[in-house]
Amino acid sequence: MKDFLSILKNNALFNGLTDEELLKILACIDIKKIYYDKDNFILHCGETTQYMYFIVSGSVLIIQEDVWGRRNIMDKLMTGHFFAESFAASKGSILNVSALADEATIVLQINLDSILKMCSVSCSFHNKVIQNFVTILAEKNIRFSNKISHTSKKTTKEKLMSYLSSESISKGRLDFDIPFNRQQLADYLNVERAAMSVELSKLQKDGLLTYTKNHFSLNADMLDNE
């Protein structure tokens with residue numbers, strides 16, 4: 001795990017730990033590296049899990065699919081993010097989402113019990129990790145709350161503007177990249193791709209924004225006048 005020390009140290013779960021403390025905690029917990037090819041499922045809806053997953057490289061789509069195969073993208077997680085922690089913390093809970101590798105991806109599979117239960121030597125810094133875990137859960141709830149806020153808007157235009165405004169605010173700038181391609185963005189916002197493309201073209205024509213692929217620049221002056 002020493003190969004991943006730098007990326008783990010910068011993650012919220014291990015915030016506040018020294019290199020020495022991080023190495024000690026990694027020796028205490030049940031952790032395993034797993035590689036997934038693009039489009040391989042990491043977790044399936046309907047399963048249970050005792051593990052949380054940390055993305056070392058690549059990206060993961062969190063999706064919902066109904067019995068007819070219609071897909072709703074709940075989130076796209078990049079390197080440095082965790083997923084499945086809520087289900088692992090709630091023992092026996094059935095997954096209502098699936099996790100899919102969006103590209104060649106390496107994850108660390110972590111048995112959550114080995115984090116939440118104090119180790120035999122009662123590391124003083126283990127409490128820090130548990131506190132950090134609670135923070136991660138809170139931040140994840142905020143992410144899903146944001147999605148609900150976007151998708152609850154009535155029109156495709158309103159959903160787009162809500163999402164793009166939120167991304168701009170979170171990044172602290174008016175020009176930014178989003179993690180989704182066009183189809184993924186449509187799935188995330190629960191809209192038809194064709195209708196969304198039409199609205200994006202209208203927004204650009206009206207001077208509210210410009211975009212190239214997944215890069216967007218918002219015109220704040222025009223937004224103020226909307």
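A: Let's fix one convention: helices (H or I, at least four residues) and strands (E, at least two) are DSSP runs, counted from the N terminus. The model is predicted, so to speak of local features takes a pLDDT of at least 70 and side-chain atom pairs need 80 or more, while totals for chains, interfaces and linings use all residues. Numbering starts from 1 along each chain as its sequence is written, and side-chain values use heavy atoms, without hydrogens and water.

Q: Okay, pockets. Which element gives the most to the lining of the largest pocket?

A: The general idea first: rolling a probe the size of a water molecule over the atoms shows where empty space is left. A pocket is an open set of points on a 1 Å grid over the protein atoms alone where a 1.4 Å probe fits, with protein on both sides within 12 Å along at least five of seven lines; lining residues have an atom within 4 Å of a point. In this model, helix H6 is the top contributor to the largest pocket, with five residues.

Q: And which residues lie nearest the centre of that pocket?

A: Asp-75, Arg-143, Glu-167, Ser-170 and Lys-171, out of 17 lining residues. Two or more lining residues come from each of strand S5 (71-78), helix H5 (126-151) and helix H6 (156-171). By domain, at least three come from each of domain 1 (31-112) and domain 2 (153-218).

Q: What about the second largest pocket: which residues are closest to its centre?

A: Ile-62, Ala-84, Phe-87, Val-97 and Phe-144, from a lining of 18 residues. Strand S4 (59-65), S5, helix H3 (85-89), strand S7 (98-101) and H5 supply at least two lining residues each. S5 and H5 also turn up among the contributors to the largest pocket.

Q: Sheets next. In what order do the strands of the four-stranded sheet run?

A: Strands pair when DSSP finds at least two bridges between them. Here the open sheet reads S2-S7-S4-S5, with antiparallel pairing. Strand S2 (41-43) and S5 have a single partner strand each, so each edge strand has one side without a neighbour in the sheet. From one strand to the next, the twist averages 30 degrees (axes are lines fitted to C-alpha atoms, for helices over the stretch in contact; angles run from 0 to 180 degrees between N-to-C directions). S2 meets S7 in the antiparallel sense over two bridges, and Leu-43 sits opposite Ala-99 in S7.

Q: Which helix packs on that sheet?

A: Helix H7 (residues 182-189) does, touching S4 and S5 (contact means heavy atoms within 4.5 Å). The direction of H7 makes about 115 degrees with that of S5.

Q: How many strands does the sheet with S9 at its edge have, and in what order?

A: Three, ordered S9-S11-S10, open and antiparallel. Strand S9 (175-177) and strand S10 (209-212) are the edges, each pairing on one side only. The average twist is 15 degrees from one strand to the next. S10 and strand S11 (residues 215-218) are joined by four bridges in the antiparallel sense; Leu-209 has Leu-218 in S11 as its bridge partner. Across S9, S10 and S11 lies H6, at about 100 degrees to S9.

Q: Last one: how many residues of each domain are in contact with the other domain?

A: Domain bounds come from an automatic or database domain assignment; here that gives domain 1 (31-112) and domain 2 (153-218). Nine residues of domain 1 are in contact with six of domain 2. Taken over C-alpha atoms, the two domain centres are 25 Å apart.
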